[in-house]
Amino acid sequence: MSIIPYSKQSISADDIQAVKRVLKSDFLTQGPKVPEFERALARYFGTKYAICCSSGTAALHLAYSSLGASPSSIAIVPAITFAATANAFRYLGSDVIFCDVVPETGHICIHHLEKILSSIPKLKNDQKGFIAPVSFAGAIAPLERCNQLASRYNFQVIEDASHAVGAWTHNENGKKKVYAGACIHTQASCLSFHPVKHVCCGEGGAVLTNSTETANTARKLRSHGIERPFDDEHDTPWYYQQVDLGWNYRMTDLQAALGMSQLSRIEDSLKSRKEMARRYIELLSVERFSGSILLPVFNEGHAWHLFIIRFCRAGMRNRAYKYLKSKHIHTQVHYIPVYKHPYYQTMHRDLQLSGSEDYFESCLSIPMYSGLTLKQQNRVIAELDNFLAVEK
């Protein structure tokens with residue numbers, strides 16, 4: 001029996017040809033493909049700038065640094081996320097405060113966020129504060145509300161949009177669509193192009209922003225902090241200078257070519273995921289599943305990076321994970337609260353956030369990716385049914 005992974009990349013013949021063309025060209029890196037991909041990303045997300053880099057983590061690091069995060073900074077991060085959302089602040093020496101989430105969605109809890117902000121002493125003139133909401137599983141975080149609070153307390157907002165390419169929601173008055181990554185309510189947004197994401201580059205990431213200063217700083221820092229001040233007409237066009245301590249976070253032309261090809265068919269991927277999500281919800285909403293699992297709410301703007309179910313009774317999630325694996329169906333837990341990891345426990349030893357704990361104890365990501373077949377989806381549903389029959 002074949003294994004059904006919780007997620008996987010979708011690579012087409014066109015993707016392969018795009019990479020082959022770069023392999024046959026003069027540039028494998030620092031050529032024309034990265035700027036081309038950046039322009040395409042900026043058009044798609046509706047931002048002025050996109051700065052590509054080597055990973056989603058690198059994108060977070062570049063965005064935080066470009067906006068001035070430092071050892072004197074305070075950063076508020078939701079507890080349910082991949083550790084990189086918090087780690088990139090720690091790379092810069094910033095203090096990280098974990099915010100609780102709403103267990104029904106996994107999104108940052110606005111009430112707890114306001115409580116945290118009101119408890120922090122007023123920022124000093126040289127001190128910066130940050131909020132890093134995560135648009136989780138394919139649904140947009142409450143960015144407008146985060147921005148309203150950030151403005152009140154002089155914080156900046158950076159969206160981790162790695163899960164949410166193509167996602168949208170309405171603004172608070174319900175009259176306008178707001179898209180993930182568009183930087184309408186944020187100073188910057190960050191993307192990941194890891195294989196399980198909507199756009200795969202193998203590895204890779206991008207910073208999106210409407211700020212010229214932020215874009216220029218991120219561009220400089222991704223390549224060692226080097227600037228090239230002169231054009232080809234100058235006496236020394238080869239001259240460059242390192243003006244800051246940056247990193248080697250460049251994306252290759254191979255990655256950018258793959259990303260361009262993937263981005264060109266993003267709408268097909270989003271449509272496929274949406275149809276799968278709708279079918280999961282329809283078939284798992286029947287009476288025999290009620291009282292055992294909770295399902296995400298379907299909405300048209302959800303990009304369905306993950307399909308996460310929650311079990312209603314203690315211990316069921318772990319038993320379901322093992323049972324499904326025995327049937328060659330792989331699932332995953334997204335995520336362990338970041339403050340539970342040993343590194344962060346040294347700084348947050350007694351922290352327990354009720355929403356995050358409730359969410360974590362019950363959540364399980366079942367297979368969701370654009371190549372999942374109807375037959376495979378039926379198998380997942382049937383084995384969930386078999387498991388719950390035994391549990392009852």
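Select F307 and display its surroundings: leaving aside neighbours within four places in sequence, F307 is in contact with A277, Y280, I281, L284, L295, P296, L364, S365, I366 and M368, contact meaning heavy atoms within 4.5 Å. The model is a predicted one, in which local features need pLDDT of at least 70 and side-chain atom pairs count only at pLDDT 80 or more, while totals for chains, interfaces and linings use all residues. Residues are numbered from 1 along each chain as its sequence is written, and side-chain values use heavy atoms, with hydrogens and water left out.

Widen the selection to the largest nonpolar core, which has 40 residues, and in which Y280, L284, F307, I309 and F311 touch the most other members. Such a core is a set of buried Ala, Val, Leu, Ile, Met, Phe, Trp, Tyr and Cys residues joined through side-chain atoms within 4.5 Å; buried means under 20% relative accessible area, exposed over 50%, and partly exposed in between, with a 1.4 Å probe and protein chains only. The elements giving two or more residues to this core are α9 (266-284), β13 (307-311), α10 (316-326), α12 (354-362), β14 (363-366) and α13 (374-391), where helices (H or I, at least four residues) and strands (E, at least two) are DSSP runs numbered from the N terminus. A second, separate core of 35 residues includes V77, A83, F98 and I158.

Go next to helix α3 (residues 56-66), which is largely enclosed by the rest of the structure because 10 of its 11 residues are buried; among them are L60, H61, L62 and Y64. At the start of α3, a side-chain oxygen of S55 comes within 3.4 Å of the backbone nitrogen of T57, and just after the helix G68 takes a positive phi of about 100 degrees.

Now select the cysteines. Zero disulfides are found in a search of the whole structure, a disulfide being a pair of cysteine sulfur atoms within 2.5 Å. For C183, the nearest cysteine sulfur is that of C190, 8.6 Å away. C183 lies in the loop between β7 (177-179) and β8 (188-192), is buried at 8% relative accessibility, and has a positive phi near 60 degrees although not a glycine. C363 is buried at 0%, and its sulfur is 13 Å from the closest cysteine sulfur, in C312, too far for a bond.

Finish at the loop between α10 and α11 (342-345), where Y335 lies and where the peptide bond from H334 to Y335 is cis, with omega near 0 degrees. H328, also in the loop between α10 and α11, has a positive phi of about 65 degrees without being a glycine, and is partly exposed at 33% relative accessible area.

Notes. Polar contact = N/O pair within 3.5 Å; in protein donor to acceptor, adjacent residues only side chain to side chain.
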